Amino acid sequence: MVRESGVSMPHKNGPRRKVKIAPSLLSADFSRIAEQIALVEGAGADLLHLDVMDGRFVPNITWGPKIIRDIRPLTQLPFDTHLMIVEPERYVADFAAAGSDSITVHWEAATHAHLLIQQIKKLGVRAGLSLNPATPLNVLDEILPYLDLLLIMSVDPGFGGQSYIPSSTQKLAAARELIDRRGCNVQLEVDGGVHLDNVVEVARAGPDTIVMGAGLFGTAKPALTLERIRALCEA
Ligand code: DX5
Ligand code: ZN
């Protein structure tokens with residue numbers, strides 16, 4: 001079930017748009033995960049971002065499909081699965097079956113990106129492509145029209161709680177302009193280092209969805225932080 005509860009955002013290049021907030025469970029406390037999910041769902045989260053890491057594409061390991069399947073009954077929120085793994089084509093079916101609503105793979109890990117995007121769509125989930133900070137937008141020239149989602153990394157993937165890379169704002173704005181200019185139906189998402197103190201700047205660059213991990217779960221009161229972010233963005 002996809003909720004449409006994003007808040008109104010100022011956007012310098014066009015009409016006010018809605019931005020969705022996607023808490024990343026990477027920074028949540030898994031010893032009380034049901035409570036953590038309920039907390040952000042109650043505070044108005046729009047979807048849940050699930051970071052899958054394999055210790056090869058990135059130097060960290062998180063979880064596989066079983067964890068996603070186990071937490072699926074805990075919430076109505078869509079699951080936004082971000083695969084930071086090598087050979088993603090081997091696993092996308094498992095992550096779709098586990099209950100993902102969208103699956104995003106990395107351009108840097110996809111040898112046959114076009115084929116892989118089709119493979120994900122055939123599984124009945126939305127297909128996303130993510131770009132690392134050092135990967136330029138021009139790699140999207142051919143693939144952009146095929147995507148449901150474009151994820152711009154604003155940190156080098158692998159860990160929560162890293163600092164936002166300042167040049168990401170310009171890249172995000174350029175991605176917004178590219179999607180609009182080419183008239184593509186692609187959701188634009190940004191991931192990494194977004195906090196209360198930079199969320200307005202990031203939102204102004206025009207993403208449809210902002211992922212937040214440590215910026216929510218690393219604060220004393222994540223629900224209150226989420227509510228403050230919504231208020232800030234609406235101001
Ligand atoms: C980083 C992950 C992010 C991470 C973001 O590799 O892809 O989704 O959870 O966390 P913060 O918001 O803490 O940078
Ligand atoms: Zn992520």
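User: What makes a pair of atoms a polar contact, as for Gly 161 and ligand 1?

Analyst: A polar contact is a pair of N or O atoms within 3.5 Å. In this predicted model, a backbone N or O atom of Gly 161 lies 2.7 Å from an oxygen atom of ligand 1. That is within 3.5 Å, so the pair is a polar contact.

User: How do you know that His 82 makes a polar contact with ligand 1?

Analyst: An N or O atom in the His 82 side chain is 3.3 Å from an oxygen atom of ligand 1. The cut-off is 3.5 Å, so this pair counts too. Gly 158 uses a polar backbone atom, 2.7 Å from a ligand 1 oxygen. The protein covers 100% of the 380 Å² of accessible area that ligand 1 has on its own.

User: Which residues come nearest to ligand 1?

Analyst: Ser 24, Asp 51, Gly 158, Gly 161 and Asp 191, out of 20 residues around the ligand.

User: Why is strand 3 called mostly covered?

Analyst: Buried means under 20% relative accessible area. In strand 3 (residues 48-53), 6 of 6 residues are buried. Leu 48, Leu 50 and Val 52 point one way, while His 49, Asp 51 and Met 53 point the other. In a regular strand the side chains alternate between the two faces of the sheet.

User: How do you know that strands 3 and 4 pair?

Analyst: Pairing takes at least two bridges. Strand 3 and strand 4 (residues 79-84) have 6 and run parallel, so they pair. Met 53 stands opposite Met 84. Between these strands the chain passes through helix 2 (residues 65-71), in a right-handed β-α-β crossover.

Conventions
Residues are numbered from 1 along each chain as its sequence is written. Chains are lettered from A and ligands numbered from 1 in the order in which they are written. This is a predicted model: local features need pLDDT of at least 70, side-chain atom pairs count only at pLDDT 80 or more; totals for chains, interfaces and linings use all residues. Side-chain values use heavy atoms; hydrogens and water are left out. Buried means under 20% relative accessible area, exposed over 50%, partly exposed in between (1.4 Å probe, protein chains only). Helices (H or I, at least four residues) and strands (E, at least two) are DSSP runs, numbered from the N terminus. A crossover is right-handed if, with the strands pointing away from the viewer, the path from the first strand over the helix to the second runs clockwise. A residue is near a molecule or strand if one of its heavy atoms lies within 4 Å of it. A polar contact is a pair of N or O atoms within 3.5 Å; within protein, one must be able to donate a hydrogen and the other to accept it, and residues adjacent in sequence count only if both atoms are side-chain atoms. Accessible areas come from the Shrake-Rupley method with a 1.4 Å probe; for residues, only the protein chains shown count as cover.
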